[in-house]
Amino acid sequence: MTAIDKRIAKFYRKPIPNDITFADVEALAHHFGREIKTGGNHSQKVIHRASGTVIPIPIHENCIGEAYVKELKDLFDSIKEETT
């Protein structure tokens with residue numbers, strides 16, 4: 001199992017883990033071909049230009065909240081559907 005496969009398995013685990021780091025999200029976004037933009041103080045954005053989706057992700061102590069993980073799952077699932 002590759003490192004990205006491990007991150008995908010961790011990301012899609014139920015219940016939603018509370019130890020998802022921004023490094024995990026960044027690696028997954030690059031894997032799915034999305035861009036990451038640096039915002040202001042402690043904020044990043046995952047952008048999917050084709051659908052016009054922008055998900056701002058506040059970072060506190062390097063972990064992201066459950067609500068943002070849910071939004072990212074929806075985005076990554078829609079990207080998977082587009083490619084198949």
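This section describes the salt bridges, the burial of helix H2 and several local features of a predicted model.

A search of the whole structure returned five salt bridges. One of these pairs the side chains of Arg7 and Asp24, with an N to O distance of 3.0 Å. Arg7 belongs to helix H1 (residues 3-11) and Asp24 to helix H2 (residues 22-31), so that this pair links distant parts of the chain, 17 residues apart. Asp24 also forms a salt bridge with Lys10, and here the closest N and O atoms are 3.0 Å apart. Since Lys10 lies in helix H1 and Asp24 in helix H2, the contact ties together parts that are 14 residues apart in sequence. Salt bridges that share partners thus join Arg7, Lys10 and Asp24 into one network.

The members of this network were assigned to burial classes from their relative accessible area. Asp24 has a relative accessibility of 7% and counts as buried, because the class is defined by values under 20%. Arg7, at 31%, is partly exposed, and Lys10, at 21%, is also partly exposed. The network therefore joins a buried carboxylate residue in H2 to two partly exposed basic residues in H1. In general, side chains of opposite charge can pair when their charged atoms come close.

A further salt bridge was found between the side chains of Arg13 and Asp19, at 3.9 Å from N to O. This distance falls inside the cut-off, because a salt bridge is counted within 4 Å. Both partners are partly exposed: Arg13 has a relative accessible area of 40%, and Asp19 has a relative accessibility of 35%.

Asp24 is one of several buried residues in H2, where Phe22, Val25, Ala27, Leu28 and Ala29 are buried as well. The buried residues of this helix pack against H1, strand E1 (35-38), strand E2 (43-48), strand E3 (53-58) and helix H3 (66-83). H1 thus meets H2 through the packing of buried residues as well as through the salt bridges of Asp24 with Arg7 and Lys10. Just after H2, Gly33 adopts a positive phi of about 80 degrees.

The loop between H1 and H2 contains Pro15. The peptide bond joining Lys14 and Pro15 is cis, with omega at about -5 degrees.

Within strand E2, His48 has a relative accessibility of 1% and counts as buried. When residues up to four places away in sequence are not counted, His48 touches Arg34, Thr53, Leu75, Ile79 and Glu82. Strand E2 is itself among the elements against which the buried residues of H2 pack.

Thr2 is located in the segment before H1 and, at 44% relative accessibility, counts as partly exposed. The side chain of Thr2 makes a polar contact of 3.0 Å with the side chain of Asp5. The C-alpha atoms of Thr2 and Glu71 are separated by 24 Å, with the two residues 69 positions apart along the chain.

Note on methods. Residues numbered from 1 in each chain as written. Predicted model: local features only at pLDDT ≥ 70, side-chain atom pairs only at ≥ 80, totals over all residues. Heavy atoms only, no water. Helix = DSSP H or I, 4+ residues; strand = E, 2+ residues; numbered from the N terminus. Buried < 20%, exposed > 50% of the residue type's maximum accessible area, 1.4 Å probe, protein only. Contact = heavy atoms within 4.5 Å. Polar contact = N/O pair within 3.5 Å; in protein donor to acceptor, adjacent residues only side chain to side chain.
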